[in-house]
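Welcome! Here are some short exercises, each with a worked solution. Have a look at the chain first, then try each task before reading on.

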Amino acid sequence: MNNLDHNINLLEELDNISKIHILEREDIDGMMIEFAKRIVKTMHIERMSVWLFNNEKDAIISMGEYDARDKSFKKESILTKRDFPKYFKSLEENKILIAQNIYTNENTKEFTELYSRPNNIISLMDIPLRIASELVGVMCFEKTGETEKKFSHNEQTFAFSISLVFASNLEARHRRAAQLKLTNALKEKELLIKEINHRVKNNFSILISLLRISKDQGLTNDPKILLEEYEHRIFSMMKIQDLLFETENYAEVKIAAYLNELIKEFKTSHPELAANIHTEIESSNYSIESKSALHIGLIVTEIFLNSVKHSVTNPKTYSLNLKFKKEENNYYSLEIRDSGNGFDFNDKLKKNTLGLPLIKDLAEDMKFISVFPTTGLSKYSFKIPE
């Protein structure tokens, strides 16, 4: 077997190495070291490494460099096409690159200062790694010291077979990773569809409940007023969906952006009051779970509708102020007040109305800490758990 160890059966060793890829390993480094230990011993060399191309194919990055002299293992070294153009061209054109003397070979002498001398390499055999005919990297077999090594035909055949085994292993791992990514993406998509379906059904349920309450209580005979009120309620629901879609976050809403959109809609629908509607919304990236955000949106909408209905005696003297900020104790603070005279919230709650019971129920459902208006003070205050 020429330079191969006569005590080692070549086919048996190749079979043993080919089985490494089916071991249940999550550690690619462990697999690399297992490969390298067997190979350097069998071929009477000191170093073995595997390098993979980057996406641009203008550099190779080591996924493992094993040195039997000190049993060291390192990775993520980089060799660039700019520094070694002849070597990269040779990889693209050949099945096997052999340099009996790395310092005199036309394709490898450019390695001298940056790679060959620092690692004390004298001879090498490099085999390009291909997956589905695409060049993805190179497997390197290196002899160190001063004595050159002539790689025999048997060693070339053995090394080439090893490269095929490793490329197959690499392809299998990539395929498993891609399959896992695809499986997770499908699961995420299924959950997303279920979540969207649930949210849409929930929104329609809220809307239908509000319509039924309005019908049963006969709160107004004016269809224009009724349609206007429901236009605002539907907008608060719709805007949630818009923000979820825009941010590609299908579970949470940036609450500051949502409140600003609601206020913008209020001003558009009531231009005579727009100049007197003021906000202090803390500009931030705070996100709130979409269900909580929807409850907040409906609460703000109902307060605005009630304010317009009962507090606007003169548009010029009317004012509405909304404040939202993050508290230090893991709460959000929402405060809404208008220029009205205030009222006994609990007393009005007993009347045949829709807005106030809805505000109270929505706040209680989400466990908001609420303070409602009193006679002489038309102000709502909510502490919202983060």
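**Exercise 1. Two sides of a helix**

Which residues are exposed on the other side of α4, away from the buried ones?

Before we start, note that this is a predicted model, in which local features need pLDDT of at least 70, side-chain atom pairs count only at pLDDT 80 or more, and totals for chains, interfaces and linings use all residues. Residues are numbered from 1 along each chain as its sequence is written, and side-chain values use heavy atoms, with hydrogens and water left out.

Step 1. Find the helix: α4 covers residues 112-119. Helices (H or I, at least four residues) and strands (E, at least two) are DSSP runs, numbered from the N terminus.

Step 2. Pick out the buried residues, which are T112, Y115, S116 and N119. Buried means under 20% relative accessible area, exposed over 50%, and partly exposed in between (1.4 Å probe, protein chains only).

Step 3. Check where they point. These residues cover an arc of only 135 degrees around the axis, so they sit on the same side of α4. The arc is that of the directions from the helix axis to the C-beta atoms. An α-helix has 3.6 residues a turn, so residues three or four places apart point the same way.

Step 4. Turn to the other side: E113, L114, R117 and P118 are exposed there.

Step 5. See what covers the buried residues: β1 (47-53), β4 (78-80), β6 (121-131) and β7 (134-144) are among the elements that do. Contact here means heavy atoms within 4.5 Å.

**Exercise 2. Reading a sheet**

In what order do the five strands of the open sheet lie?

Step 1. Write down the order, β9-β11-β12-β14-β13, with mixed pairing. Two strands pair if DSSP finds at least two bridges between them.

Step 2. Mark the edges: β9 (277-281) and β13 (369-371) each pair on one side only.

Step 3. Zoom in on one pair. Strands β12 (residues 331-338) and β14 (residues 379-385) run antiparallel and are joined by seven bridges. Within this pair, Y332 of the chain stands opposite I384 in β14.

Step 4. Add the helix: α8 (residues 290-310) lies across β9, β11 (320-326), β12 and β14, at about 10 degrees to β12. Axes are lines fitted to C-alpha atoms, for helices over the stretch in contact, and angles run from 0 to 180 degrees between N-to-C directions.

**Exercise 3. Following the charges**

Which parts does the salt bridge between K57 and E134 tie together?

Step 1. Start with the rule: a salt bridge is a side-chain nitrogen of Lys or Arg within 4 Å of a carboxyl oxygen of Asp or Glu. The count by this rule is 15 salt bridges.

Step 2. Look at the pair itself, where the closest N and O atoms of K57 and E134 are 3.4 Å apart.

Step 3. Place both ends. K57 lies in the loop between β1 and β2 (59-67) and E134 in strand β7, so this pair ties together parts that are 77 residues apart in sequence. K57 is partly exposed at 31% relative accessibility, and E134 is partly exposed at 45%.

Step 4. Set another pair beside it: R38 and E34 meet in a salt bridge (3.8 Å, N to O). Both lie in helix α2 (residues 28-43), four residues apart, about one turn of the helix.

Step 5. Finish with a group: R47, E65, D67, R69 and E142 are linked in a network of salt bridges.
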